[in-house]
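Hi,

Here is the structure I promised to pass on to you. Have it open while you read the rest of this email.

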Amino acid sequence: MPINETILKALLSTEERAAIAEIEATTSIVQLVARMTGMRFAGIAKFTDKDWIVCSTFNPIELGINTGDTLELETTICNEFRRNPQVLFVPEISLDGRFSSRPVVKKHMLESYAGAPIFLPDGQLWGALCALDSRPIIFENPDMTETLALFARLIGCIFYTNSATNGHTTPQLKQIDEY
């Protein structure tokens, strides 16, 4: 699906848009997260004070969450990282009262979630790496928590390093087209 350039220009700084083409590693990371979790959607989202901005996705099932979309952060499961910055797995959202009534869950008929907060090396919470599916997914791999956290840490380092290399003071993003 093509990137909606108008939306991205409105939501992202010039430096962030410039970095979209520079950070190839995030493409592989998002695909690996989908494969590792068994989920059919994976993405990277940036947080602002109020918004959850979809920066990149691996979305072969066309879940209805697309690159450039913005949701109110409070309506997302990823918002939980502002309160508790730990890797989170929700195998059956419909059975979890904390999340089952959230508008994003109902709108996209989400049933499973796996996510990790993305921190920059300076400790700033930047966003989230998450995987979603409309099917329940049981997370049986005991190493999945650590692996998801490592992927999120790697993404934070990539953004931070890319911004430092380019002389920018804000972290950069990578846009991943669906394929």
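Below is what turned up, starting with the overall layout and ending with the empty spaces.

One thing to keep in mind: this is a predicted model.

Let's start with the big picture. The protein has six helices and six strands. If you walk along the chain from the N terminus, the elements come in the order α-α-α-β-β-β-α-β-α-β-β-α. There are 179 residues, and 49% of them count as buried. If you take the contacts between residues with a separation of 6 or more, 61% are between residues 24 or more positions apart.

Next, the sheet. All six strands sit in one open sheet, in the order β3-β2-β1-β6-β5-β4, and the pairing is antiparallel. Which strands stand at the edges? They are β3 (70-72) and β4 (88-90); each has a single partner strand, so one side of each has no neighbour in the sheet. From one strand to the next, the twist averages 25 degrees.

Further in, β5 and β6 (residues 125-133) pair in the antiparallel sense over eight bridges. To find a spot in this pair, look for Ala116, which stands opposite Leu129 in β6. A helix packs on the sheet too: α3 (residues 25-37) touches β1 (41-47), β2 (51-58), β5 and β6. The direction of α3 makes about 125 degrees with that of β1.

Now for the empty spaces. Rolling a probe the size of a water molecule over the atoms shows where space is left.

How many cavities of 30 Å³ or more does the structure hold? Just one, with about 70 Å³ of space in it. Its lining is made up of Trp52, Ile65, Leu71, Thr76, Ile77, Cys78, Val104, Leu110, Tyr113 and Leu132. By class, nine of these lining residues are nonpolar, one is polar and none is charged.

There is a pocket to look at as well. The largest pocket has a volume of about 170 Å³. Around it you'll find Pro85, Gln86, Val87, Ala116, Pro117, Phe119, Thr145, Ala149, Ala152 and Arg153. Two elements, β5 (112-119) and α6 (144-165), each give two or more residues to this lining. Which element provides the largest share? That is α6, with four residues. The pocket lining divides into seven nonpolar residues, two polar and one charged. You've met Ala116 already: the residue opposite Leu129 in β6 is also part of the pocket lining.

Cheers

Terms used:
Residues numbered from 1 in each chain as written. Predicted model: local features only at pLDDT ≥ 70, side-chain atom pairs only at ≥ 80, totals over all residues. Heavy atoms only, no water. 1 Å grid on protein atoms, 1.4 Å probe; cavity = no way out; pocket = protein on both sides within 12 Å on 5 of 7 lines; lining within 4 Å. Points joined across faces, edges and corners; volume = space filled by probe spheres on them. Nonpolar A, V, L, I, M, F, W, Y, C, P; charged D, E, K, R; others polar. Pairing = 2+ DSSP bridges. Axes fitted to C-alpha atoms, helices over the stretch in contact; angles between N-to-C directions. Contact = heavy atoms within 4.5 Å. Buried < 20%, exposed > 50% of the residue type's maximum accessible area, 1.4 Å probe, protein only.
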